[in-house]
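Q: Please take a close look at the salt bridges of this model. Which residues form them, and which parts of the chain do they tie together?

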Amino acid sequence: MRKNRLRELIGAGQPTLGTHLLSSWPTVVELVGHTGLYDYIEFSAEYAPFDLHELDNLGRALELVNLAGMIKVEQTQWTHQAMRAIGSGFQSVLFAD
């Protein structure tokens with residue numbers, strides 16, 4: 001299991017910097033990761049169009065560039081989307097209210 005970079009930074013009392021992503025295109029994750037500026041990406045699933053297979057590609061891209069991934073799921077799909085995102089490699093889930 002890979003380390004959760006976001007959790008490690010928070011646990012060490014260090015600041016973190018992340019960005020929101022509204023695209024399910026994994027190349028965007030890779031571009032953000034290669035900048036070296038961010039610790040995590042939050043995929044705002046409540047506002048972005050995506051299918052469940054795209055979560056797999058996003059998860060692989062996050063791992064490739066060593067970024068922590070957080071997904072923000074909409075209220076009506078909490079359980080299904082959260083479990084699918086965790087299975088895809090996202091390390092954090094943010095539940096919209």
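A: The account below takes the salt bridges one pair at a time. The model is predicted, so local features need pLDDT of at least 70 and side-chain atom pairs count only at pLDDT 80 or more, while totals for chains, interfaces and linings use all residues. Residues are numbered from 1 along each chain as its sequence is written, and side-chain values use heavy atoms, with hydrogens and water left out.

A salt bridge is taken as a side-chain nitrogen of Lys or Arg within 4 Å of a carboxyl oxygen of Asp or Glu; by this rule there are three salt bridges. Helices (H or I, at least four residues) and strands (E, at least two) are DSSP runs, numbered from the N terminus.

Asp39 pairs with Arg5, with 3.1 Å between the closest N and O atoms. Because Asp39 lies in the loop between α2 (26-35) and β2 (40-44) and Arg5 in helix α1 (residues 5-11), the pair ties together parts 34 residues apart in sequence. Asp39 is buried at 12% relative accessibility (buried is under 20% relative accessible area, exposed over 50%, partly exposed in between, with a 1.4 Å probe and protein chains only), whereas Arg5 is partly exposed at 29%.

In another salt bridge, the closest N and O atoms of Lys72 and Glu46 are 3.1 Å apart. Lys72 belongs to strand β3 (residues 68-73) and Glu46 to the loop between β2 and α3 (52-64), so parts 26 residues apart in sequence are tied together. Glu46 is partly exposed at 22% relative accessibility.

Asp56 and Arg84 also form a salt bridge, at 2.9 Å between the closest N and O atoms. This pair ties helix α3, which holds Asp56, to helix α4 (residues 78-88), which holds Arg84.
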